[in-house]
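Work through the two exercises below with the model open beside the text, and follow each solution step by step.

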Amino acid sequence: MEEQILKQLAQPLLAWYDIHRRILPWREEVSPYRTWVSEIMLQQTRVAAVLPYFQRFMEAFPTVEALAQADTERLMKLWEGLGYYSRARNLQKAARILTEQYGGRFPETYRELTALPGIGDYTAGAILSIAFGQAVPAVDGNVLRLAARITGSRLDVLDAKNRKIFRSWMAAAMSQERPGAYNQALMDLGATVCLPSGAPLCGDCPAGDFCIARQEGCQARLPVRSPKREKRTEHLTVFLLRRGAAAALRQRPDTGLLAGLWEYPHVPGTLTEAEAARQLQMWGVNPTKWRKKLSARHIFTHVRWEMTGYVVEVDGLGPGDWLWAEAQQRERLAIPSAFEKFTAELKEGE
DNA sequence: AATACGGGGAG
DNA sequence: CTCCCAGTATT
């Protein structure tokens with residue numbers, strides 16, 4: 001039933017795509033490598049955010065081999081601010097597997113692609129269809145929204161088993177002649193016409209004639225998404241410690257949130273200046289001048305940080321895992337956006 | 001099946 | 001503020 005509705009989409013969608021498709025760097029010159037990198041960057045990330053990163057990435061690491069051999073610190077610095085940093089690490093892991101086990105070539109099967117780190121259901125479909133012309137669906141948030149609206153489905157699109165159902169519908173309905181164009185057309189339609197928030201532009205949609213949601217006037221209420229869990233709040237006290245021209249940094253653990261990135265020393269809780277002084281003493285550093293108290297907030301997907309920051313001039317080296325870095329060295333380290341305000345403050349104090 | 005994992009733009 | 005984006009890995 002749903003497949004039959006969706007099968008009406010391919011022809012008008014491809015005609016629409018040939019006129020309205022977006023010009024994007026990874027489309028101007030198509031290769032498995034470029035398709036792969038772009039799709040990884042685009043996971044949970046808007047096109048506009050990816051554009052500058054993609055250009056820089058391709059200049060820095062033009063081939064699978066270059067990525068496999070790249071200095072990881074440089075790779076993370078390039079990824080700084082894009083988020084979901086395991087994507088970058090997995091990209092390099094996969095590049096090394098491709099180099100060592102596949103002679104630097106990409107495998108052309110769903111099974112082999114999804115076995116590579118960072119490549120799941122969606123990305124495998126995108127690479128197979130776009131780079132290799134195989135009729136494999138690539139079902140992302142755009143496609144789920146389109147499919148739910150066109151079929152009028154009330155299935156919860158956040159539910160994994162429902163996603164499988166949507167995927168099977170799309171597999172049955174997709175173009176066998178132009179699978180890559182078809183999958184990219186769905187994304188473009190979702191991004192520019194069948195909008196996620198606000199009113200979709202149904203008058204411009206190639207599915208306008210048979211879209212169930214449009215007929216029922218329920219576009220704004222589809223797709224159905226189950227409510228998400230509330231995020232917890234964590235309070236932190238961050239230390240911006242200056243020793244001459246250097247500031248203290250430390251590297252985060254190699255697993256978990258912001259794995260392996262650099263940060264300013266911090267402790268849980270909101271400390272008063274007196275408590276902060278005691279903490280510095282425990283670290284073995286001696287404050288010589290308290291410069292400023294700051295506050296900042298950062299919101300992640302599942303947690304909120306409420307931060308208090310102290311800018312302090314100090315004597316002493318602190319714990320052995322601290323790095324005292326001057327501006328030039330700090331610029332080469334990947335420091336998460338959560339600390340942006342503090343980074344700017346340090347720069348100000350130069 | 002549920003949760004961890006970033007960051008930013010739009011409303 | 002909330003929502004959600006060219007999702008995947010882990011438990």
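A residue is near a strand if one of its heavy atoms lies within 4 Å of it. This is a predicted model, in which local features need pLDDT of at least 70, side-chain atom pairs count only at pLDDT 80 or more, and totals for chains, interfaces and linings use all residues. Side-chain values use heavy atoms, with hydrogens and water left out.

**Exercise 1.** Determine which residues are closest to DNA strand B and which of its atoms they approach.

Step 1. DNA strand B is surrounded by 20 residues, the closest being Thr45, Tyr85, Leu258, Thr301 and His302.

Step 2. By class, this surface has eight nonpolar, nine polar and three charged residues, where Ala, Val, Leu, Ile, Met, Phe, Trp, Tyr, Cys and Pro count as nonpolar, Asp, Glu, Lys and Arg as charged, and the others, Gly among them, as polar.

Step 3. A polar side-chain atom of tyrosine 85 lies 2.6 Å from a phosphate oxygen of DNA strand B, whereas a side-chain N or O atom of threonine 301 is 2.4 Å from a base nitrogen of that strand.

**Exercise 2.** Describe what is buried between domain 1 and domain 2 of chain A.

Step 1. An automatic or database domain assignment divides chain A into domain 1 (2-221) and domain 2 (232-348).

Step 2. The area buried between domain 1 and domain 2 (accessible area, 1.4 Å probe, lost on putting the two parts together and summed over both) is about 780 Å², with carbon and sulfur atoms giving 49%.

Step 3. On the side of domain 1, Glu73, Lys77 and Tyr85 lose the most area to domain 2, together 56% of what that side buries.

Conventions:
Residues are numbered from 1 along each chain as its sequence is written. Chains are lettered from A and ligands numbered from 1 in the order in which they are written. A polar contact is a pair of N or O atoms within 3.5 Å; within protein, one must be able to donate a hydrogen and the other to accept it, and residues adjacent in sequence count only if both atoms are side-chain atoms.
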